[in-house]
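Thank you all for coming this morning. I would like to walk you slowly through one model, and I suggest you keep the picture in view while I talk.

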Amino acid sequence: MYWTHQMCIRTRRLQPICPIDGRFGPHGQDEIPLRALQFKRGLLHEFRKGNATKEQIRLHNLVQQLPKAIIIGVRKGGTRALLEMLNLHPAVVKASQEIHFFDNDENYAKGIEWYRKKMPFSYPHQITIEKSPAYFITEEVPERIYKMNSSIKLLIIVREPTTRAISDYTQVLEGKERKNKTYYKFEKLAIDPTTCEVNTKYKAVRTSIYTKHLERWLKYFPIEQFHIVDGDRLITEPLPELQLVEKFLNLPPRISQYNLYFNATRGFYCLRFNIVFNKCLAGSKGRIHPEVDPSVITKLRKFFHPFNQKFYQITGRTFNWP
Ligand code: A3P
């Protein structure tokens, strides 16, 4: 069900417009403070879209804060699902759009105030989170983020590298099809036809070499500032993954099973904010992948294997990737 203007007005009348009491409120561990969530879906929802008057900003002490945590990648790892699910937490406010401040030179040249103004309105005790998956693979980004805040928390959501590469391909393929453009089969892009080896020039392959990118980040940030989310598990069993993130962000546990329900039609978990508001991710999340030649999959998995081992070693998180 969607939040209607009518409901918004009703909430404005009945609901005292005030911040969540204290920093996190006196709520039980498995219970979401309903009032906070209703508020989140009501007036604050409008504020987030930038629809706050000067009077409202002053009255509610609203601010546009630089992010305290950024989901830096990985593209097709489940970055949108992670952001939306974290946004269930009453102390988290998401930047809805990918801002591409640090990876886009033109945006970066506009300065940090431009970036801050792109952030949603929030209460001072809340934390803002943004996600731009291009950050993970873009050379200049770690240094730029470090210059903004050297103690920022960085979230990386990863999936089994070959599946991620195919998901990446599927997204690009869909875009090409929409524009009636021709496109090669995945096999042709992922394997160099002259050498028959994995084509490391292909972006979807390069992005899945997680350790290479992470090593660049580690020149600026210690490993303790990163948290690795298992994107495959976020699909099948989101709650434990979200609880690990809550811990990493020093947030009290507020996201519960109540907030996540499996939608059989969609084939994914969807989000329940409260009794009236729930939503699934857009249809562009969870595409059907094209069938890929099994020998190519085997080749890719063998190729990624040593990089994966290194990634486990650096991050201290092991995945059962083949
Ligand atoms: P596929 O489309 O390959 O299935 P991103 O947001 O980084 O682009 O990641 C997209 C991926 O998020 C999807 O990849 C999908 O599998 C995954 N995902 C994880 N949880 C999801 C959820 N609850 N609803 C929809 N997609 C989800």
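Let me begin with a question: which element gives the largest share of the lining of the largest pocket? The answer is helix 5, which contributes four residues to that lining. Before I go further, please keep in mind that what we are looking at is a predicted model.

For a general picture, the chain has 15 helices and ten strands, and of its 322 residues, 51% count as buried. Among the contacts between residues at least 6 apart in sequence, 72% join residues that are at least 24 apart. As for confidence, the mean pLDDT of the chain is 87, and 84% of the residues reach 70 or more. Residues 1–39 call for some caution, since pLDDT stays under 50 there, although the model does have 68 contacts beyond four places in sequence for them.

Now back to the pocket. Rolling a probe the size of a water molecule over the atoms shows where empty space is left. The largest pocket has a volume of about 540 Å³, and 28 residues line it, with Lys76, Gly78, Thr79, Lys285 and Gly286 lying nearest its centre. The elements that give two or more residues to this lining are helix 5, at 79–86, helix 9, at 161–178, helix 13, at 231–236, and strand 9, at 268–272. Sorted by class, the lining holds nine nonpolar, ten polar and nine charged residues.

One of the residues nearest the pocket's centre is Lys76, and it is here that UniProt, in an unreviewed entry, places the feature "active site". Lys76 sits in the loop between strand 2, which spans 69–73, and helix 5. Is Lys76 buried or exposed? Its relative accessible area is 12%, and because anything under 20% is called buried, Lys76 counts as buried. Leaving aside neighbours within four places in sequence, its contacts include Arg159, Arg164, Asp168, Ser284 and Lys285.

The same loop between strand 2 and helix 5 also holds Val74, and a cis peptide bond, with omega at about 5°, joins Gly73 to Val74. Most residues other than glycine have a negative phi, and most peptide bonds are trans. With that in mind, look at Asn61, in the loop between helix 4 and strand 1, where phi is positive, near 60°. Asn180, in the loop between helix 9 and helix 10, likewise has a positive phi of about 60° although it is not a glycine, and at 74% relative accessibility Asn180 counts as exposed.

Finally, let us turn to the end of the chain, where Trp321 lies in the segment after helix 15, which runs over 294–315. Trp321 is buried, at 9% relative accessibility. Where does the chain come back to meet Trp321, once neighbours within four places in sequence are left aside? Its contacts include Val158, Arg159, Tyr210 and Asp232, as well as Asn308, Phe311 and Tyr312. Arg159 therefore deserves a second look, because it is in contact with Trp321 and also with Lys76, the buried residue we discussed a moment ago. From Trp321 to His305, 16 residues away in sequence, the distance is 8.1 Å, C-alpha to C-alpha.

Conventions: Residues are numbered from 1 along each chain as its sequence is written. This is a predicted model: local features need pLDDT of at least 70, side-chain atom pairs count only at pLDDT 80 or more; totals for chains, interfaces and linings use all residues. Side-chain values use heavy atoms; hydrogens and water are left out. On a 1 Å grid over the protein atoms alone, a cavity is a set of points where a 1.4 Å probe fits but cannot get out, and a pocket is an open set with protein on both sides within 12 Å along at least five of seven lines; lining residues have an atom within 4 Å of a point. Grid points are joined across faces, edges and corners, and a volume is the space filled by probe spheres set on the points. Ala, Val, Leu, Ile, Met, Phe, Trp, Tyr, Cys and Pro count as nonpolar, Asp, Glu, Lys and Arg as charged, and the others, Gly among them, as polar. UniProt positions are given in the numbering used here, feature names are shortened, and annotations may be inferred rather than shown by experiment. Buried means under 20% relative accessible area, exposed over 50%, partly exposed in between (1.4 Å probe, protein chains only). Contact means heavy atoms within 4.5 Å. pLDDT is the predictor's confidence in each residue, from 0 to 100.
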